[in-house]
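Please look over the structure below before reading on. The report that follows takes up a loop, the fold, the core, two helix residues and a pocket.

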Amino acid sequence: AQQLAGAARLARMVTEAGRDPKSVALGYRVQFHGEGVPPKASDGNRRLFSGSATDIIGDIRAMRDAGVISIDFGFPGPDADTILAGMKKFHETVLSKV
């Protein structure tokens, strides 16, 4: 995916600048995720964090393998109970399996 290619490009740029790529921490923010997210990005590739829990688990693992150490997931909702329910479901269906 484009984002993973970006991580490799950043590592090359850091190396060219004379720094160890491991000295740069990578994080990623995910505003929307799951089956409600359009599966195709504007470039025609699969959109990261779209699809089923299995798809998202694969994306998390791919990001980890690319050197991302932190992923920040958003959980929109009209009230705290809805947001907490979404977080709990995400933990049970995704995070507990990574």
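## A proline in the loop

Pro 39 sits in the loop that joins β1 and α2. This is a predicted model. Is Pro 39 buried or exposed? Its relative accessibility is 53%, so Pro 39 counts as exposed. The cut-off for exposed is over 50%.

Pro 39 still has partners. Beyond residues up to four places away in sequence, Pro 39 touches Asn 45, Arg 46, Arg 47 and Ser 50. Pro 39 and Gly 51 are 12 residues apart in sequence. Their C-alpha atoms are 6.6 Å apart in space.

## Overall layout

The protein chain has three helices and two strands. Read from the N terminus, the order is α-β-α-β-α. Along the principal axes, the C-alpha atoms fill a box of roughly 50 × 30 × 25 Å.

Of the 98 residues in the protein chain, 21% are buried. Take the contacts with a separation of 6 or more: 48% of them link residues 24 or more positions apart.

## Strands and crossover

How do the two strands run, and over how many bridges do β1 and β2 pair? The sense is parallel, and there are five bridges. One bridge joins Leu 26 to Val 68 in β2. Between the strands, the chain passes through α2. This β-α-β crossover is right-handed.

## The nonpolar core

The largest nonpolar core holds 14 residues. Those that touch the most other members are Phe 49, Ile 56, Ile 60, Met 63, Phe 73, Phe 90 and Val 94. Three elements give two or more residues each: β1 (26-30), α2 (53-65) and β2 (68-73). The largest share, four residues, comes from α2.

Ile 60 shows how the core is joined up. Leaving aside neighbours within four places in sequence, Ile 60 is in contact with Phe 49, Ile 71 and Phe 73. Val 94, Leu 95 and Val 98 are also among the contacts of Ile 60.

## Two buried residues of α2

Asp 59 belongs to helix α2. Buried or exposed: which describes Asp 59? Asp 59 counts as buried because its relative accessibility is 6%, and the cut-off for buried is under 20%. Apart from neighbours within four places in sequence, Asp 59 is in contact with Arg 46, Leu 48, Phe 49 and Ser 50. Arg 46 and Ser 50 are also touched by Pro 39.

Ile 57 lies in helix α2 too. At 8% relative accessibility, Ile 57 also counts as buried. Not counting residues up to four places away in sequence, Ile 57 touches Thr 93, Val 94, Lys 97 and Val 98. Val 94 and Val 98 are contacts of Ile 60 as well. Ala 17 is another matter. Ile 57 and Ala 17 are 40 residues apart along the chain, and 33 Å separates their C-alpha atoms.

## The largest pocket

The largest pocket holds about 250 Å³ of space. Its lining consists of 13 residues. Which lie nearest the centre of the pocket? They are His 33, Gly 34, Lys 89, Phe 90 and Thr 93.

Two helices, α2 and α3 (80-93), each supply at least two lining residues. The largest share, four residues, comes from α3. Phe 90 appears in both settings: it is a member of the largest nonpolar core and lines the largest pocket. Thr 93, also in the lining, is touched by Ile 57.

Terms used
Residues are numbered from 1 along each chain as its sequence is written. This is a predicted model: local features need pLDDT of at least 70, side-chain atom pairs count only at pLDDT 80 or more; totals for chains, interfaces and linings use all residues. Side-chain values use heavy atoms; hydrogens and water are left out. A nonpolar core is a set of buried Ala, Val, Leu, Ile, Met, Phe, Trp, Tyr and Cys residues joined through side-chain atoms within 4.5 Å. Buried means under 20% relative accessible area, exposed over 50%, partly exposed in between (1.4 Å probe, protein chains only). Contact means heavy atoms within 4.5 Å. Two strands pair if DSSP finds at least two bridges between them. A crossover is right-handed if, with the strands pointing away from the viewer, the path from the first strand over the helix to the second runs clockwise. On a 1 Å grid over the protein atoms alone, a cavity is a set of points where a 1.4 Å probe fits but cannot get out, and a pocket is an open set with protein on both sides within 12 Å along at least five of seven lines; lining residues have an atom within 4 Å of a point. Grid points are joined across faces, edges and corners, and a volume is the space filled by probe spheres set on the points.
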